[in-house]
Amino acid sequence: MDVDRHVLIAPASAARTIARMKHYDVLVVGLGAVGSAAVHHLTAMGTSVLGIDRYAPPHPYGSTHGDTRITREAVGEGEVYVPFVRRSHELWHELEHETSTAVLHRTGGLLVRPASVTASMHGADDFLRSTIDVAVAHGIDHRLLDADELRREFPQFRVGVDDVGFFEPGAGYVLADDAVRAQLELAERRGATLRRDERVLSVVDTPAGAEVRTERERYGADVVILAPGAWLPELIEPELARLFTVYRQVQSWFEPQRPGTAFEPDRCPIFIRQTGPGVDDVFYGFPAIHGPAGGVKIGTERYDTPTAPGTVRRTVDPAEHAAAYERFVRGRVLGVTDTVLRGITCLYTVTPDFGFVVDRHPGREHVVVAAACSGHGFKHSAAVGEATAALAIGGVPRLNLSAFSFARFTG
(Lines give C-alpha, C1' and ligand atoms only; values in the text may rest on other atoms or scores of the structure.)
Protein backbone atom coordinates (compact mmCIF):
# COMPACT_ATOMS: atom_id res chain seq x y z
CA MET A 1 0.00 0.00 0.00
CA ASP A 2 0.99 3.61 -0.55
CA VAL A 3 -0.99 6.73 0.31
CA ASP A 4 -0.85 10.50 0.17
CA ARG A 5 1.12 11.32 3.28
CA HIS A 6 -1.18 14.08 4.55
CA VAL A 7 -4.55 12.34 4.02
CA LEU A 8 -5.72 10.42 7.07
CA ILE A 9 -8.97 8.90 8.25
CA ALA A 10 -11.44 11.78 8.21
CA PRO A 11 -14.37 12.37 10.59
CA ALA A 12 -17.99 11.92 9.62
CA SER A 13 -18.42 15.64 8.98
CA ALA A 14 -16.07 15.31 6.03
CA ALA A 15 -17.99 12.43 4.48
CA ARG A 16 -19.76 12.49 1.15
CA THR A 17 -22.70 10.32 0.31
CA ILE A 18 -21.89 6.75 -0.64
CA ALA A 19 -25.34 5.99 -2.02
CA ARG A 20 -24.20 5.68 -5.61
CA MET A 21 -20.90 3.98 -4.95
CA LYS A 22 -20.28 0.27 -5.18
CA HIS A 23 -20.76 -0.94 -1.60
CA TYR A 24 -19.17 -3.94 0.08
CA ASP A 25 -19.62 -5.61 3.43
CA VAL A 26 -15.88 -5.32 4.12
CA LEU A 27 -13.06 -3.48 2.36
CA VAL A 28 -9.50 -4.57 3.12
CA VAL A 29 -6.68 -2.07 2.59
CA GLY A 30 -3.39 -3.92 2.05
CA LEU A 31 -3.12 -7.47 0.71
CA GLY A 32 0.07 -8.77 2.29
CA ALA A 33 0.29 -11.48 4.93
CA VAL A 34 -2.69 -10.46 7.08
CA GLY A 35 -4.72 -8.71 4.40
CA SER A 36 -4.61 -11.69 2.02
CA ALA A 37 -5.63 -14.00 4.86
CA ALA A 38 -8.47 -11.67 5.83
CA VAL A 39 -10.00 -11.52 2.33
CA HIS A 40 -9.63 -15.29 2.04
CA HIS A 41 -11.55 -15.91 5.27
CA LEU A 42 -14.11 -13.18 4.64
CA THR A 43 -15.13 -14.83 1.38
CA ALA A 44 -15.42 -18.16 3.19
CA MET A 45 -17.78 -16.42 5.65
CA GLY A 46 -20.03 -15.37 2.77
CA THR A 47 -19.36 -11.64 2.85
CA SER A 48 -18.89 -9.33 -0.11
CA VAL A 49 -15.26 -8.22 -0.05
CA LEU A 50 -13.10 -5.69 -1.82
CA GLY A 51 -9.33 -5.81 -1.34
CA ILE A 52 -7.05 -2.98 -2.49
CA ASP A 53 -3.27 -2.79 -2.66
CA ARG A 54 -0.93 -0.13 -3.99
CA TYR A 55 1.09 -2.84 -5.74
CA ALA A 56 0.35 -6.32 -7.08
CA PRO A 57 0.95 -8.75 -4.22
CA PRO A 58 2.97 -10.69 -3.57
CA HIS A 59 5.39 -7.84 -4.21
CA PRO A 60 8.86 -6.87 -2.92
CA TYR A 61 8.01 -3.54 -1.27
CA GLY A 62 6.62 -4.45 2.15
CA SER A 63 7.27 -7.09 4.79
CA THR A 64 6.12 -10.34 3.18
CA HIS A 65 8.58 -11.09 0.39
CA GLY A 66 11.91 -12.86 0.12
CA ASP A 67 10.76 -16.46 -0.39
CA THR A 68 10.57 -17.66 3.21
CA ARG A 69 9.54 -16.80 6.75
CA ILE A 70 10.41 -18.76 9.90
CA THR A 71 7.65 -20.53 11.79
CA ARG A 72 8.01 -22.01 15.28
CA GLU A 73 5.49 -22.99 17.93
CA ALA A 74 7.84 -22.26 20.84
CA VAL A 75 7.54 -18.52 20.34
CA GLY A 76 9.89 -16.77 22.72
CA GLU A 77 7.96 -13.55 22.17
CA GLY A 78 5.34 -14.91 24.60
CA GLU A 79 2.87 -17.71 25.11
CA VAL A 80 -0.02 -15.49 24.02
CA TYR A 81 1.12 -16.19 20.45
CA VAL A 82 1.06 -19.99 20.66
CA PRO A 83 -2.64 -20.39 19.71
CA PHE A 84 -2.09 -18.15 16.71
CA VAL A 85 0.87 -20.02 15.27
CA ARG A 86 -0.84 -23.36 15.86
CA ARG A 87 -4.03 -22.18 14.19
CA SER A 88 -2.00 -20.73 11.32
CA HIS A 89 -0.42 -24.13 10.74
CA GLU A 90 -3.91 -25.67 10.56
CA LEU A 91 -5.05 -23.01 8.13
CA TRP A 92 -2.02 -23.42 5.91
CA HIS A 93 -2.65 -27.15 5.72
CA GLU A 94 -6.23 -26.38 4.66
CA LEU A 95 -4.95 -23.90 2.10
CA GLU A 96 -2.54 -26.50 0.75
CA HIS A 97 -5.39 -28.96 0.34
CA GLU A 98 -7.66 -26.42 -1.37
CA THR A 99 -5.06 -25.01 -3.75
CA SER A 100 -2.51 -27.83 -4.17
CA THR A 101 0.17 -25.34 -3.09
CA ALA A 102 2.77 -26.49 -0.56
CA VAL A 103 3.50 -23.57 1.76
CA LEU A 104 4.48 -25.05 5.16
CA HIS A 105 7.77 -26.95 5.42
CA ARG A 106 9.04 -28.43 8.68
CA THR A 107 12.82 -28.65 8.82
CA GLY A 108 13.25 -28.22 12.55
CA GLY A 109 14.41 -25.01 14.15
CA LEU A 110 17.60 -24.24 16.06
CA LEU A 111 18.18 -21.36 18.48
CA VAL A 112 21.75 -20.85 19.73
CA ARG A 113 23.35 -18.35 22.09
CA PRO A 114 26.22 -18.22 24.61
CA ALA A 115 25.11 -19.57 27.98
CA SER A 116 26.78 -16.63 29.71
CA VAL A 117 24.72 -14.03 27.81
CA THR A 118 21.18 -12.92 28.56
CA ALA A 119 20.03 -11.91 25.10
CA SER A 120 16.86 -9.97 24.35
CA MET A 121 14.80 -10.29 21.18
CA HIS A 122 11.37 -9.11 20.01
CA GLY A 123 10.39 -7.76 23.42
CA ALA A 124 11.59 -10.75 25.46
CA ASP A 125 14.42 -9.87 27.86
CA ASP A 126 15.81 -13.42 27.75
CA PHE A 127 14.61 -14.89 24.47
CA LEU A 128 16.08 -18.36 24.97
CA ARG A 129 14.66 -18.69 28.49
CA SER A 130 11.28 -17.49 27.28
CA THR A 131 11.38 -19.96 24.38
CA ILE A 132 12.10 -22.84 26.76
CA ASP A 133 9.35 -21.74 29.16
CA VAL A 134 6.79 -21.54 26.33
CA ALA A 135 7.78 -24.98 25.05
CA VAL A 136 7.43 -26.54 28.50
CA ALA A 137 4.13 -24.79 29.29
CA HIS A 138 2.51 -25.87 26.02
CA GLY A 139 3.99 -29.33 25.60
CA ILE A 140 5.95 -28.40 22.49
CA ASP A 141 8.49 -31.05 21.49
CA HIS A 142 12.02 -29.75 21.99
CA ARG A 143 15.52 -30.61 23.11
CA LEU A 144 18.23 -28.62 24.88
CA LEU A 145 21.76 -29.08 23.58
CA ASP A 146 25.20 -28.26 24.91
CA ALA A 147 28.13 -27.26 22.72
CA ASP A 148 29.30 -30.83 22.07
CA GLU A 149 25.81 -31.92 21.02
CA LEU A 150 25.46 -28.90 18.76
CA ARG A 151 28.72 -29.73 16.99
CA ARG A 152 27.78 -33.37 16.55
CA GLU A 153 24.23 -32.85 15.32
CA PHE A 154 24.66 -29.67 13.29
CA PRO A 155 28.05 -29.65 11.54
CA GLN A 156 26.98 -26.67 9.43
CA PHE A 157 27.68 -24.43 12.41
CA ARG A 158 30.77 -23.64 14.42
CA VAL A 159 29.87 -23.15 18.06
CA GLY A 160 31.84 -21.85 21.01
CA VAL A 161 32.54 -23.76 24.20
CA ASP A 162 29.95 -21.61 25.98
CA ASP A 163 27.18 -22.01 23.39
CA VAL A 164 23.89 -23.73 24.20
CA GLY A 165 21.03 -24.59 21.90
CA PHE A 166 17.29 -25.19 21.75
CA PHE A 167 15.97 -27.43 18.98
CA GLU A 168 12.30 -27.66 17.99
CA PRO A 169 11.65 -30.52 15.51
CA GLY A 170 8.31 -29.08 14.39
CA ALA A 171 9.66 -25.66 13.41
CA GLY A 172 10.43 -24.73 9.82
CA TYR A 173 9.53 -22.17 7.21
CA VAL A 174 6.57 -20.89 5.23
CA LEU A 175 6.83 -19.95 1.58
CA ALA A 176 5.56 -16.43 2.15
CA ASP A 177 4.98 -15.30 -1.42
CA ASP A 178 3.24 -18.56 -2.29
CA ALA A 179 0.98 -18.35 0.77
CA VAL A 180 -0.13 -14.81 -0.08
CA ARG A 181 -0.68 -15.72 -3.72
CA ALA A 182 -2.71 -18.82 -2.85
CA GLN A 183 -4.93 -16.94 -0.39
CA LEU A 184 -5.66 -14.21 -2.91
CA GLU A 185 -6.36 -16.67 -5.72
CA LEU A 186 -8.75 -18.63 -3.52
CA ALA A 187 -10.49 -15.44 -2.39
CA GLU A 188 -11.02 -14.36 -6.00
CA ARG A 189 -12.28 -17.81 -6.87
CA ARG A 190 -14.91 -17.39 -4.14
CA GLY A 191 -16.01 -13.98 -5.33
CA ALA A 192 -13.73 -11.38 -3.77
CA THR A 193 -12.98 -8.28 -5.84
CA LEU A 194 -9.31 -7.33 -5.78
CA ARG A 195 -7.91 -4.02 -6.99
CA ARG A 196 -4.17 -4.25 -7.56
CA ASP A 197 -1.86 -1.36 -8.38
CA GLU A 198 -4.37 1.10 -6.93
CA ARG A 199 -3.31 3.70 -4.38
CA VAL A 200 -5.59 4.56 -1.48
CA LEU A 201 -5.88 8.29 -0.76
CA SER A 202 -8.26 8.44 2.18
CA VAL A 203 -10.54 6.45 4.45
CA VAL A 204 -13.57 8.42 5.66
CA ASP A 205 -16.14 7.58 8.32
CA THR A 206 -19.74 8.12 7.22
CA PRO A 207 -23.09 7.54 8.94
CA ALA A 208 -23.64 4.53 6.66
CA GLY A 209 -20.23 2.94 7.02
CA ALA A 210 -16.98 4.09 5.49
CA GLU A 211 -15.78 5.50 2.21
CA VAL A 212 -12.40 4.70 0.70
CA ARG A 213 -11.11 7.03 -1.99
CA THR A 214 -8.35 5.85 -4.30
CA GLU A 215 -6.56 7.47 -7.19
CA ARG A 216 -9.18 5.89 -9.46
CA GLU A 217 -12.56 5.98 -7.69
CA ARG A 218 -14.51 5.77 -4.42
CA TYR A 219 -15.83 2.68 -2.66
CA GLY A 220 -18.22 2.19 0.23
CA ALA A 221 -18.12 -0.50 2.91
CA ASP A 222 -19.78 -1.38 6.19
CA VAL A 223 -16.31 -1.91 7.68
CA VAL A 224 -12.76 -1.17 6.53
CA ILE A 225 -9.85 -3.34 7.66
CA LEU A 226 -6.57 -1.45 7.62
CA ALA A 227 -3.79 -3.99 7.03
CA PRO A 228 -1.25 -1.98 5.02
CA GLY A 229 1.82 -2.98 7.00
CA ALA A 230 4.49 -0.29 6.99
CA TRP A 231 2.08 2.20 5.41
CA LEU A 232 -0.22 2.12 8.45
CA PRO A 233 1.29 5.22 10.13
CA GLU A 234 0.30 7.24 7.06
CA LEU A 235 -3.34 6.11 7.28
CA ILE A 236 -4.11 6.84 10.93
CA GLU A 237 -4.05 9.86 13.19
CA PRO A 238 -0.68 11.07 14.52
CA GLU A 239 -1.47 10.07 18.11
CA LEU A 240 -1.87 6.46 16.96
CA ALA A 241 0.77 6.57 14.24
CA ARG A 242 3.43 7.23 16.90
CA LEU A 243 2.91 3.66 18.13
CA PHE A 244 4.35 2.23 14.91
CA THR A 245 7.99 2.70 13.90
CA VAL A 246 9.28 1.34 10.59
CA TYR A 247 12.80 -0.07 10.23
CA ARG A 248 14.65 -1.23 7.13
CA GLN A 249 16.08 -4.76 7.30
CA VAL A 250 18.49 -6.57 4.98
CA GLN A 251 18.46 -10.17 3.78
CA SER A 252 21.34 -11.77 1.86
CA TRP A 253 21.69 -15.02 -0.05
CA PHE A 254 25.28 -16.28 0.25
CA GLU A 255 26.72 -18.94 -2.01
CA PRO A 256 27.54 -22.23 -0.25
CA GLN A 257 30.64 -24.16 -1.09
CA ARG A 258 29.93 -27.00 -3.47
CA PRO A 259 28.29 -29.42 -3.29
CA GLY A 260 26.32 -27.58 -0.59
CA THR A 261 24.47 -30.65 0.62
CA ALA A 262 24.85 -29.59 4.26
CA PHE A 263 22.31 -26.85 3.60
CA GLU A 264 19.63 -28.87 1.87
CA PRO A 265 16.26 -28.67 3.67
CA ASP A 266 16.39 -32.31 4.76
CA ARG A 267 19.71 -31.69 6.50
CA CYS A 268 19.61 -28.10 7.67
CA PRO A 269 17.10 -26.48 10.06
CA ILE A 270 16.05 -22.90 10.13
CA PHE A 271 18.29 -21.19 12.64
CA ILE A 272 18.46 -18.16 14.92
CA ARG A 273 21.76 -17.23 16.53
CA GLN A 274 22.14 -14.60 19.22
CA THR A 275 25.70 -13.39 19.52
CA GLY A 276 25.33 -10.82 22.29
CA PRO A 277 22.84 -9.10 24.60
CA GLY A 278 21.58 -6.42 22.23
CA VAL A 279 18.46 -6.51 20.07
CA ASP A 280 20.63 -6.32 16.93
CA ASP A 281 23.11 -8.99 18.09
CA VAL A 282 21.23 -11.63 16.16
CA PHE A 283 21.01 -13.24 12.76
CA TYR A 284 18.78 -15.93 11.32
CA GLY A 285 18.88 -18.21 8.32
CA PHE A 286 17.28 -20.88 6.20
CA PRO A 287 18.37 -23.97 4.31
CA ALA A 288 19.13 -23.59 0.61
CA ILE A 289 15.57 -24.26 -0.53
CA HIS A 290 16.49 -23.83 -4.21
CA GLY A 291 19.74 -25.80 -3.99
CA PRO A 292 23.28 -24.39 -3.87
CA ALA A 293 22.63 -22.13 -6.84
CA GLY A 294 19.90 -20.38 -4.88
CA GLY A 295 22.10 -19.65 -1.91
CA VAL A 296 21.69 -19.72 1.86
CA LYS A 297 19.46 -16.92 3.08
CA ILE A 298 20.76 -14.92 6.05
CA GLY A 299 18.88 -12.07 7.69
CA THR A 300 19.82 -9.49 10.30
CA GLU A 301 17.85 -7.06 12.45
CA ARG A 302 18.54 -3.34 12.99
CA TYR A 303 16.53 -0.86 15.06
CA ASP A 304 18.73 2.22 14.99
CA THR A 305 17.28 4.31 12.14
CA PRO A 306 13.53 4.70 11.57
CA THR A 307 12.35 5.02 8.00
CA ALA A 308 9.17 5.14 5.92
CA PRO A 309 8.09 3.06 2.91
CA GLY A 310 7.96 6.08 0.64
CA THR A 311 11.54 7.13 1.31
CA VAL A 312 13.35 3.93 2.32
CA ARG A 313 16.37 2.88 0.31
CA ARG A 314 15.34 -0.34 -1.42
CA THR A 315 18.72 -1.41 -2.79
CA VAL A 316 21.37 -3.12 -0.70
CA ASP A 317 24.94 -1.87 -0.87
CA PRO A 318 27.66 -4.51 -1.29
CA ALA A 319 29.18 -3.13 1.91
CA GLU A 320 26.03 -4.12 3.81
CA HIS A 321 26.31 -7.73 2.65
CA ALA A 322 30.01 -7.73 3.52
CA ALA A 323 29.35 -6.31 6.98
CA ALA A 324 26.70 -8.94 7.71
CA TYR A 325 29.03 -11.69 6.56
CA GLU A 326 31.95 -10.47 8.65
CA ARG A 327 29.93 -9.76 11.78
CA PHE A 328 27.74 -12.86 11.81
CA VAL A 329 28.43 -15.51 9.19
CA ARG A 330 32.20 -15.85 9.03
CA GLY A 331 33.36 -18.38 11.61
CA ARG A 332 29.81 -19.37 12.54
CA VAL A 333 28.12 -20.79 9.42
CA LEU A 334 30.54 -23.25 7.91
CA GLY A 335 30.71 -23.86 4.19
CA VAL A 336 29.12 -20.55 3.21
CA THR A 337 31.25 -18.17 1.16
CA ASP A 338 31.11 -14.38 1.09
CA THR A 339 29.82 -14.43 -2.50
CA VAL A 340 26.40 -12.77 -2.57
CA LEU A 341 23.89 -14.23 -5.00
CA ARG A 342 21.01 -11.96 -4.10
CA GLY A 343 19.97 -9.29 -1.64
CA ILE A 344 16.76 -7.54 -0.67
CA THR A 345 15.36 -5.19 1.93
CA CYS A 346 12.16 -5.61 3.89
CA LEU A 347 10.33 -3.49 6.45
CA TYR A 348 9.58 -4.15 10.11
CA THR A 349 6.73 -2.13 11.63
CA VAL A 350 7.52 -2.16 15.33
CA THR A 351 5.35 -1.28 18.33
CA PRO A 352 6.84 -0.19 21.70
CA ASP A 353 6.43 -3.69 23.17
CA PHE A 354 7.08 -5.59 19.92
CA GLY A 355 3.50 -6.88 20.06
CA PHE A 356 0.68 -6.84 17.53
CA VAL A 357 -2.24 -4.45 17.24
CA VAL A 358 -5.45 -6.14 16.11
CA ASP A 359 -8.38 -4.07 17.29
CA ARG A 360 -11.16 -1.74 16.35
CA HIS A 361 -9.94 1.78 15.78
CA PRO A 362 -10.50 3.57 19.12
CA GLY A 363 -12.20 6.56 17.49
CA ARG A 364 -13.68 5.16 14.27
CA GLU A 365 -16.72 2.93 14.43
CA HIS A 366 -16.25 1.42 10.99
CA VAL A 367 -12.49 0.81 10.98
CA VAL A 368 -10.51 -2.23 12.20
CA VAL A 369 -6.71 -2.09 12.41
CA ALA A 370 -4.70 -5.27 11.83
CA ALA A 371 -0.99 -4.77 12.42
CA ALA A 372 0.64 -8.15 13.01
CA CYS A 373 4.11 -6.80 12.96
CA SER A 374 7.36 -6.12 14.84
CA GLY A 375 9.37 -8.63 12.84
CA HIS A 376 7.61 -11.81 13.94
CA GLY A 377 4.19 -11.57 12.32
CA PHE A 378 4.10 -13.88 9.35
CA LYS A 379 4.01 -17.14 11.30
CA HIS A 380 0.75 -15.95 12.91
CA SER A 381 -0.75 -14.18 9.91
CA ALA A 382 -3.22 -16.81 8.74
CA ALA A 383 -4.87 -16.97 12.17
CA VAL A 384 -4.70 -13.21 12.65
CA GLY A 385 -6.40 -12.73 9.28
CA GLU A 386 -9.14 -15.20 10.25
CA ALA A 387 -9.68 -13.47 13.60
CA THR A 388 -9.67 -10.02 12.01
CA ALA A 389 -12.30 -11.14 9.50
CA ALA A 390 -14.56 -12.33 12.32
CA LEU A 391 -14.02 -9.09 14.25
CA ALA A 392 -14.90 -7.00 11.21
CA ILE A 393 -18.28 -8.65 10.64
CA GLY A 394 -19.28 -8.51 14.30
CA GLY A 395 -18.55 -12.14 15.08
CA VAL A 396 -16.58 -13.67 17.93
CA PRO A 397 -13.01 -14.42 16.84
CA ARG A 398 -11.91 -18.00 17.36
CA LEU A 399 -8.83 -16.77 19.25
CA ASN A 400 -8.55 -14.15 21.97
CA LEU A 401 -7.34 -10.80 20.62
CA SER A 402 -7.39 -8.90 23.92
CA ALA A 403 -3.58 -8.87 24.23
CA PHE A 404 -3.37 -6.97 20.94
CA SER A 405 -5.63 -4.02 21.80
CA PHE A 406 -4.83 -0.34 21.45
CA ALA A 407 -5.77 0.10 25.11
CA ARG A 408 -2.43 -1.19 26.37
CA PHE A 409 -0.82 1.88 24.83
CA THR A 410 -3.59 4.46 25.04
CA GLY A 411 -5.01 3.60 28.46
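Tutor: Two strands pair if DSSP finds at least two bridges between them; strands are DSSP runs of E, at least two residues, and helices are runs of H or I, at least four, all numbered from the N terminus. This is a predicted model, where local features need pLDDT of at least 70, side-chain atom pairs count only at pLDDT 80 or more, and totals for chains, interfaces and linings use all residues. Residues are numbered from 1 along each chain as its sequence is written, and side-chain values use heavy atoms, leaving out hydrogens and water.

Student: What makes β4 and β8 (residues 172-175) a pair?

Tutor: Three bridges join them, running antiparallel, and the cut-off is at least two, so they pair. One partnership is Leu 104 with Val 174 in β8.

Student: What makes β3 and β4 edge strands?

Tutor: The open sheet has the order β3-β8-β4, and β3 (68-71) and β4 (104-106) each pair on one side only.

Student: Why are α2 and α8 called roughly perpendicular?

Tutor: Helix α2 (residues 82-99) and helix α8 (residues 381-392) pack at about 90°, axes 6 Å apart. Axes are lines fitted to C-alpha atoms, for helices over the stretch in contact, and angles run from 0 to 180 degrees between N-to-C directions. Roughly perpendicular covers 65 to 115 degrees, so the label fits.

Student: Which residues meet there?

Tutor: With contact meaning heavy atoms within 4.5 Å, Phe 84, Arg 87, Ser 88, Leu 91 and Trp 92 in α2 meet Ser 381, Ala 382, Ala 383, Val 384 and Glu 386 in α8.

Student: What else does α2 touch?

Tutor: The sheet: α2 packs on it, touching β3, β4 and β8.

Note on methods
Parallel < 35°, antiparallel > 145°, perpendicular 65-115°, else oblique.
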